[in-house]
Amino acid sequence: MSLANLLNNPKKLILFSGKGGVGKTTTAAAYALKLARMGKPTLIISSDPAPSLSDIFDVEIGDGIKPLGKVKNLYAEEISADSVLKRWKKKFGPEVYEVLSSFIPLEYDIIDYFANAPGIEEEFMLDYILELLEEDKYETVIWDTAPAGHTLRLLNLPRTMLSHLEAAAKVYIKFYGYLKKLSEFSKIGRKKRSVFTIIDEWKSLSEKILCFLRDGSRTEFIVVTIPEALSVFQTERIIDFSREFGLSVNNIIINNVIKTVDGDFLKTRKKMQQNYLDQLKDRYERDMELTEIPLASHEVKGIEKIAHISDLLFI
Ligand SMILES: Nc1ncnc2c1ncn2[C@@H]1O[C@H](COP(=O)(O)OP(=O)(O)OP(=O)(O)O)[C@@H](O)[C@H]1O
Ligand SMILES: [Mg+2]
């Protein structure tokens, strides 16, 4: 399905992924702007520690959803790892602490161990996005993911997270007999939900998230790349991995393509790019849509420039 078709076949969540610096924020912003201008309430959310949405839209965004004043129907948020962690602690912290501390005296800091489980940040980011989508305020949420293997980690999270949690559960099992005796003796820990019940709830949360990500009628992945070796390798990895996980990836945006050549320098570079363009076409043209965005002579900053990229995306 081409990007233009995708517009008329709205998904709830669209993730932009790809190597660092290839144009994820630029193309995600262009896509979001297009949806908003079509009258669809759209939220663009970034988990990049750098304030990249603020930079490209030229307004202060930060934590918390903000309407992008100048554009009707467009909302943005730059969510920090810190606020994701806070949300996690608020949602699960008290019950984890309650169960554990009913057996052994513990400092509240113990929940930091759980909160630092690999994948928690991404999982709760997704949990947060799912909650937003359930509110039904936005027709589509565009997620401009952070660079460097973030997406791959994200897709692996139910596995990594559960193995971390199961390690904690094993420790619990080891002391279970002792703890049980202690609780019978002192009548503490009764009527409390067990750690296993909580872990089971986390498992079902992971499954719910994975199910949402795998549902091609609700979630779409867009891979952004540039015609250069490292980015093409990363693209292949993301696509293989995504397919293995049963995710819907049908579009590759090839950014920074040199179209006009006015000198030897660009001529050489264009030739270099051609190899990678051919490679991408050979490999993916049959079953995916490839959209090329030319390299501009200026950076993309501010609504007007973003709108120009929108026009190029949906030709
Ligand atoms: N087609 C283009 N022509 C010229 N400049 C571009 C183009 N696309 C993006 N840029 C510029 O390239 C830089 C990187 O783009 P962008 O921030 O969108 O990449 P990113 O993949 O989000 O990076 P990061 O991985 O750091 O988040 C920006 O300065 C942007 O203005
Ligand atoms: Mg970015």
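Select K70 to begin: at 69% relative accessibility this residue counts as exposed, and its place is in the loop between β3 (66–67) and β4. Bear in mind from this point on that the model is predicted. With K70 still highlighted, add V59, which is eleven residues away along the chain, and the C-alpha atoms of the two turn out to be separated by 10.0 Å.

Stay in the loop between β3 and β4 and select N73, which is found there too. Its backbone deserves a look, since the phi of N73 is near 75°, a positive value in a residue other than glycine. N73 has a relative accessible area of 22% and is therefore partly exposed, given that buried means under 20% and exposed over 50%.

Next, select Y75 in strand β4 (residues 74–78), together with Y138 in the loop between α6 (120–135) and β5 (140–144); these two residues are 63 positions apart, and their pair links distant parts of the chain. The ring centres of Y75 and Y138 lie 5.3 Å apart with the planes at 65°, so the pair is edge-to-face. The two partners can be compared by their cover: Y75, at 22% relative accessibility, counts as partly exposed, whereas Y138, with a relative accessible area of 2%, is buried. Before leaving this place, show the side chain of K137, whose charged end sits over the ring of Y75, 5.5 Å from the ring centre.

From here, turn to the interior and select L13, I45, M125, I129, V141, W143 and L213, which touch the most other members among the 41 residues of the largest nonpolar core. Helix α6 gives the most to this core, with eight residues. In soluble globular proteins, nonpolar side chains tend to be buried together.

Which residues does I45 touch, once those up to four places away in sequence are set aside? Centre the view on I45 and display its surroundings: the list consists of L53, E77, I79, M125, Y128, I129, V141, I142, W143 and D144. A second core, separate from the one just visited and made up of 36 residues, can be found by selecting A28, I222, I293 and I309, which it includes.

For the next stop, consider the aromatic pairs, of which the chain has four. One of them joins Y31 and F314 in an edge-to-face arrangement, with 5.3 Å from centre to centre and 65° between the planes. The two rings come from distant parts of the chain, for Y31 belongs to helix α2 (residues 24–37) and F314 to the segment after α12 (303–313), 283 residues apart. Y31 is buried, with a relative accessible area of 0%, and F314 also counts as buried, at 12%. Add F16 to the selection, and the picture grows into a cluster in which ring pairs link F16, Y31 and F314.

Now select helix α10 (residues 229–244), whose 16 residues reach 23 Å from the first C-alpha to the last, close to the 22 Å expected at 1.5 Å a residue. Colour its buried residues, which are S231, V232, Q234, T235, E236, I238, I239, F241 and S242. Following the chain past α10 brings you to G246, whose phi is positive, near 75°.

Further along, select N256 in strand β7 (residues 249–257). N256 has a positive phi of about 60° although it is not a glycine, and with a relative accessible area of 26% this residue is partly exposed.

The last single residue to select is T260, placed in the loop between β7 and α11 (264–284). T260 counts as exposed, at 66% relative accessibility. Add L295 and draw a line between the two C-alpha atoms: T260 and L295 are 35 residues apart in sequence and 8.8 Å apart in space.

Finally, clear the selection and view the chain as a whole, with its twelve helices and eight strands. Of its 315 residues, buried ones make up 49%. If you show the accessible surface, it comes to about 15400 Å², of which 53% belongs to carbon and sulfur atoms. Among the contacts with a separation of 6 or more, residues 24 or more positions apart account for 76%.

How values were computed:
Residues are numbered from 1 along each chain as its sequence is written. Chains are lettered from A and ligands numbered from 1 in the order in which they are written. This is a predicted model: local features need pLDDT of at least 70, side-chain atom pairs count only at pLDDT 80 or more; totals for chains, interfaces and linings use all residues. Side-chain values use heavy atoms; hydrogens and water are left out. Helices (H or I, at least four residues) and strands (E, at least two) are DSSP runs, numbered from the N terminus. Buried means under 20% relative accessible area, exposed over 50%, partly exposed in between (1.4 Å probe, protein chains only). Contact means heavy atoms within 4.5 Å. Accessible areas come from the Shrake-Rupley method with a 1.4 Å probe; for residues, only the protein chains shown count as cover. The expected span of a helix is 1.5 Å times one less than its number of residues. Rings of Phe, Tyr and Trp (its six-membered ring) pair if their centres lie within 6.5 Å; planes under 30 degrees apart count as stacked, over 60 as edge-to-face and the rest as tilted. A charge sits over a ring if NZ of Lys or CZ of Arg is within 6 Å of the ring centre and within 35 degrees of the ring normal. A nonpolar core is a set of buried Ala, Val, Leu, Ile, Met, Phe, Trp, Tyr and Cys residues joined through side-chain atoms within 4.5 Å.
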